[in-house]
Amino acid sequence: MLTADQKKELEATIQQFVGKPIGPAATSRDAVNEAMILQWCDAMGDTNPVYQDRAVAEKSVHGGIVAPPMMLDAWTMQGWDMHKGYDEPTNEEQRLHKILTDAGYTGVLGTNTEQEFDRYLRIGDEVTAETIIEGISEEKATGAGIGYFITTKTTFSDAAGAQVGWMNFRVLKFIPKEAPQAASDSGGGAAEAYVPARIKPPMGHDNAWWWNEVAAGRITVQRCKGCQQLRHPPRPMCPGCRSMEWDSIEISGRGTLHTFTVIHYPQFPGYEFPICAALVDLEEGVRMVSDVMDCKPEDLKIGMKLKAYIHEDDDGFKLPLFRPSE
Amino acid sequence: MTTRTHASVEVGEELPPLDIETTATIVAGGALASRDYTPVHHDRAAAQAQGLPDIFMNILTTKGFVGRYVTDWSGPDAVVKGVKIKLGGPNLPGHTLKIRGTVSAKTDAEVEIDVAGTNPYGAHVNATVRVVLPQ
């Protein structure tokens, strides 16, 4: 960790970069050409004829072959030399990054970018990029760790010096929360990516039995042994007669939609969005919270008939869900 | 490829979904097609040294898919004027990148489309793309 004085000195040093060009303007090695456009279209699966079919392009609003607009900053990318890494900075942006890296802000993460296109590029255009360090934020606490947001602005111009577009790019240069750990090599096969799964419900003394029943293929509700009243979700005492003696019955799975809400945001990993979250009136007379599957949000109708089934996630977790029924 | 006209578009219209079954070829091919030779986009050992399980899609490729998604819908006579992109988690081989979009605004001149790309990690990209469609 830096002392307060060291941090002050670091911030004074990095703020000196603001407003500076990262280096001399860079002109694309290759003029805009069909071969590179086609290679781009192959990789992106882009079949837009204005990028690749002269006859169609000539009749289009563009009047001829144009480069995909999103390709703007590809023309002036450094290319092959990028594989060497940036241990030895070759421009002011890399020098700024290295100062932060050496101070412990080793992580770097692209967070935002914005582009405006004054015109599409045409075959033969020579693109020149000029980049300045537009701004450096105060130190921020983020999900990735504490760090500084660095914004660069690149202006792209043609051979005549006219602007064809610009781009802002923001990265977070940060202290990683924990040291990155290399994933183990799985022997040449595809590495197994960690796939987030549904958040599991808490399972304790009073409700684990209910989930165990689901795992065994039965959807149940609790029944009071004293007065036979059904209750759900599971809890230790009957709200009717206060008996703590209980058993359970398996439900038919038939019910009707009491009410619902459709969840679009926030989109937690491990779920399919939107989620049709439902409160279901079971025909046994109690309600159950679940999701309605195989149903578009606009087709949800209060009172519609639903049928429960047991769904199994990829990780083996089972839970009751509902779908519309006749 | 059909062409959408400005008049035919209404705010709230959903664009057809696009699912990209991400492969190492798409990741490496997209990186090299955008002249991005940073090793983490084509060399698995380099990506693993950075703490990721595999190579991951570079930003230009993500942008390329966002652009393609919008012009797949709008047709060849659309003119893309600008894009704003917020980046989320990485997109890796094996991930299905689900791209969805909605027309979010319309002025006399332009149409704005909100695009979201999600994968098993959650949000990979959120973008707003501004296009001019033929009148």
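Reader: What makes the pattern of chain B β-α-α-α-β-β-β-β in this predicted model?

Author: Chain B of this predicted model reads β-α-α-α-β-β-β-β along the sequence. Each letter stands for a DSSP run: helices need at least four residues, strands at least two. Chain B has 3 helices and 5 strands.

Reader: What makes a residue of chain B count as buried, and what percentage does?

Author: The test is 20 or more other C-beta atoms within 10 Å of its own. Of the 135 residues in chain B, 50% count as buried.

Reader: What is the box that the C-alpha atoms of chain B fill?

Author: Roughly 50 × 25 × 25 Å, along the principal axes.

Reader: Why is the set with B:Val66 and B:Val115 called a nonpolar core?

Author: Its members are buried nonpolar-core residue types such as Val and Ala, joined through C-beta atoms within 7 Å; therefore the set is called a nonpolar core. The largest one holds 59 residues. Among those touching the most other members are A:Val66, A:Ala67, B:Val66, B:Val70 and B:Val115. Helix 2 (34-44) of chain A gives two or more residues, as do elements of chain B including helix 1 (24-33) and strand 5 (122-132). Helix 3 of chain B gives the most, with 6 residues.

Reader: How do you know what B:Val115 touches?

Author: Contact requires C-beta atoms within 7 Å. Leaving out residues up to four places away in sequence, B:Val115 touches B:Val66, B:Tyr69, B:Val70, B:Ile99, B:Gly101, B:Ala127 and B:Val129.

Reader: Which share of contacts in chain B joins residues 24 or more positions apart?

Author: 67% of the contacts with a separation of 6 or more.

Key:
Residues are numbered from 1 along each chain as its sequence is written. Chains are lettered from A and ligands numbered from 1 in the order in which they are written. This is a predicted model: local features need pLDDT of at least 70, side-chain atom pairs count only at pLDDT 80 or more; totals for chains, interfaces and linings use all residues. A residue is buried if 20 or more other C-beta atoms lie within 10 Å of its own, exposed if 12 or fewer, and partly exposed in between; C-beta atoms are placed from the backbone. Two residues are in contact if their C-beta atoms, placed from the backbone, lie within 7 Å.
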